[in-house]
Amino acid sequence: MYAAKSAKTSIEFYSSERDFSSTRRLALLSDLRSAIDRGQLYLDYQPTVELETGRVSGAEALVRWRHPVDGLVMPDEFIPLAEQTGMISEL
């Protein structure tokens, strides 16, 4: 209903990405808060390489989260949660 109102349309289809009350999102949000507080997130460094020379020209820092129950949680799942809830600066 709120999505249809904000889009000024009479019909919108359900999308779990926009459902801020879904059980999975609420559980992940709670777990993410704990993970940040406990330092459970870590960085992986990925080198950037010049294709012509093969020379390493830099590195990219990529945040990762190994959830104690769910295993590796992909960044596309927890980064938007952190952005939407204001936890991105803590992350």
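Which helix does Arg25 lie in? Arg25 sits in helix H2, which covers residues 23–38. Keep in mind as you look around that this is a predicted model.

Let's stay with Arg25 for a moment. Is it buried or exposed? Its relative accessibility comes out at 14%, and the cut-off for buried is under 20%, so Arg25 counts as buried. Its side chain has a polar partner, too: the side chains of Arg25 and Gln84 make a polar contact at 2.6 Å.

Now for the sheet. Three strands make up an open sheet, ordered E1-E2-E3, with antiparallel pairing. At the edges you'll find strand E1 (41–49) and strand E3 (71–73), each of which pairs on one side only. Going from one strand to the next, the twist averages 45°.

Zoom in on E2 and E3. Strand E2 takes in residues 56–67, and its antiparallel pairing with E3 runs over three bridges. If you want a specific spot to click on, try His67: its bridge partner in E3 is Gly71.

How do the helices sit relative to all this? H2, the helix that holds Arg25, lies across E1, E2 and E3, and runs at about 120° to E2. Helix H3 (residues 75–85) packs on the sheet as well, touching E1, E2 and E3. The direction of H3 makes about 85° with that of E2.

That brings us back to the Arg25 contact. Gln84 falls within the residue range of H3, 75–85, while Arg25 belongs to H2, and their side chains meet in that 2.6 Å polar contact.

Technical notes:
Residues numbered from 1 in each chain as written. Predicted model: local features only at pLDDT ≥ 70, side-chain atom pairs only at ≥ 80, totals over all residues. Heavy atoms only, no water. Helix = DSSP H or I, 4+ residues; strand = E, 2+ residues; numbered from the N terminus. Buried < 20%, exposed > 50% of the residue type's maximum accessible area, 1.4 Å probe, protein only. Polar contact = N/O pair within 3.5 Å; in protein donor to acceptor, adjacent residues only side chain to side chain. Pairing = 2+ DSSP bridges. Axes fitted to C-alpha atoms, helices over the stretch in contact; angles between N-to-C directions. Contact = heavy atoms within 4.5 Å.
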